[in-house]
Amino acid sequence: MAERIRIHRESLENRKRQLQQWRIPESVRLELLRFLDELGLGKVNRGMKLSPERQLQYLNGLRVPLEFFDKPTRQITLRNVEAFEKALCSGQLRNKHTRQPYAHNTQVELRKLLKVFLRWRLGTAKALVLTDWLDTRHQLKTPD
């Protein structure tokens with residue numbers, strides 16, 4: 001069997017330790033760690049266990065909206081989600097490394113990750129009220 005070549009140097013455990021540096025409430029930190037554990041067990045995505053690499057993508061992607069909200073998950077309102085969407089679409093939220101606005105497909109991924117996290121945390125009914133209207137369709141690019 002072929003050995004898989006890892007191109008990313010980050011590990012999930014290192015990133016979990018770095019959660020202490022995020023600007024989010026302590027309750028959200030604990031929820032996020034529990035969320036990652038349940039992703040690995042397959043409790044979140046209908047019995048599909050997610051690899052540590054995919055869990056790392058969830059963790060990296062959820063940092064943007066959770067730091068934007070900066071409040072406990074139970075206190076997130078529709079107005080907060082609307083403000084996040086406006087900031088994301090208008091380019092106010094930027095990539096921390098390149099200082100560029102997020103690409104359209106990255107914006108779609110951030111929305112999808114937020115929907116999954118809120119559905120897990122708040123339940124399907126409340127999560128649908130908050131995020132059902134978000135556009136999660138990828139734009140197809142044509143070659144130049």
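This short talk covers how the helices pack in this model and what lines its largest pocket. The model is predicted.

Let's start with α3 and α4. Helix α4 runs over residues 78–90, and α3 over 52–69. Their axes come within 10 Å and cross at roughly 125°. That angle falls between the perpendicular and antiparallel ranges, which end at 115 and start over 145 degrees. The pair is therefore oblique. The crossing of α3 past α4 is right-handed. Who touches whom? From α3, we have Val 64, Pro 65, Phe 68 and Phe 69. They meet Asn 80, Val 81, Ala 83, Phe 84 and Ala 87 of α4. By class, that contact has eight nonpolar residues, one polar and no charged.

Next, α4 against α5. Helix α5 spans 104–122. Here the axes come within 11 Å, and the crossing angle is roughly 165°. Angles over 145 degrees count as roughly antiparallel, so that is the label for α4 and α5. Again α4 passes α5 with a right-handed crossing. On the α4 side, the contact uses Phe 84, Glu 85, Leu 88 and Cys 89. On the α5 side, Gln 107, Leu 110, Arg 111 and Leu 114 take part. The tally is five nonpolar, one polar and two charged. Note Phe 84: this residue of α4 appears in the contact with α3 and in the contact with α5.

Third pair: α2 and α5. Helix α2 covers residues 26–41. The two axes come within 11 Å and cross at roughly 100°. So α2 and α5 are roughly perpendicular. Helix α2 brings Glu 31, Leu 32, Arg 34, Phe 35 and Glu 38. Helix α5 answers with Val 116, Phe 117, Trp 120 and Arg 121. This contact has five nonpolar residues, no polar and four charged.

Now the pocket. How much space lies in the largest one? About 1,100 Å³. Its lining takes in 34 residues. Closest to the centre are Glu 10, Leu 56, Gln 57, Asn 60 and Gly 61. Which helix gives the most to the lining? That is α3, with eleven residues. Helices α1 (12–17), α3 and α5 each supply at least two. What about the classes? The lining has twelve nonpolar, ten polar and twelve charged residues.

To pull it together: α3 contacts α4 and gives the most to the pocket lining. Helix α5 contacts α4 and α2, and supplies at least two lining residues as well.

Note on methods:
Residues are numbered from 1 along each chain as its sequence is written. This is a predicted model: local features need pLDDT of at least 70, side-chain atom pairs count only at pLDDT 80 or more; totals for chains, interfaces and linings use all residues. Side-chain values use heavy atoms; hydrogens and water are left out. On a 1 Å grid over the protein atoms alone, a cavity is a set of points where a 1.4 Å probe fits but cannot get out, and a pocket is an open set with protein on both sides within 12 Å along at least five of seven lines; lining residues have an atom within 4 Å of a point. Grid points are joined across faces, edges and corners, and a volume is the space filled by probe spheres set on the points. Helices (H or I, at least four residues) and strands (E, at least two) are DSSP runs, numbered from the N terminus. Ala, Val, Leu, Ile, Met, Phe, Trp, Tyr, Cys and Pro count as nonpolar, Asp, Glu, Lys and Arg as charged, and the others, Gly among them, as polar. Axes are lines fitted to C-alpha atoms, for helices over the stretch in contact, and angles run from 0 to 180 degrees between N-to-C directions. Angles under 35 degrees count as roughly parallel, over 145 as roughly antiparallel, 65 to 115 as roughly perpendicular and the rest as oblique. A crossing is left-handed if the near helix is turned anticlockwise from the far one by less than a right angle, and right-handed if clockwise. Contact means heavy atoms within 4.5 Å.
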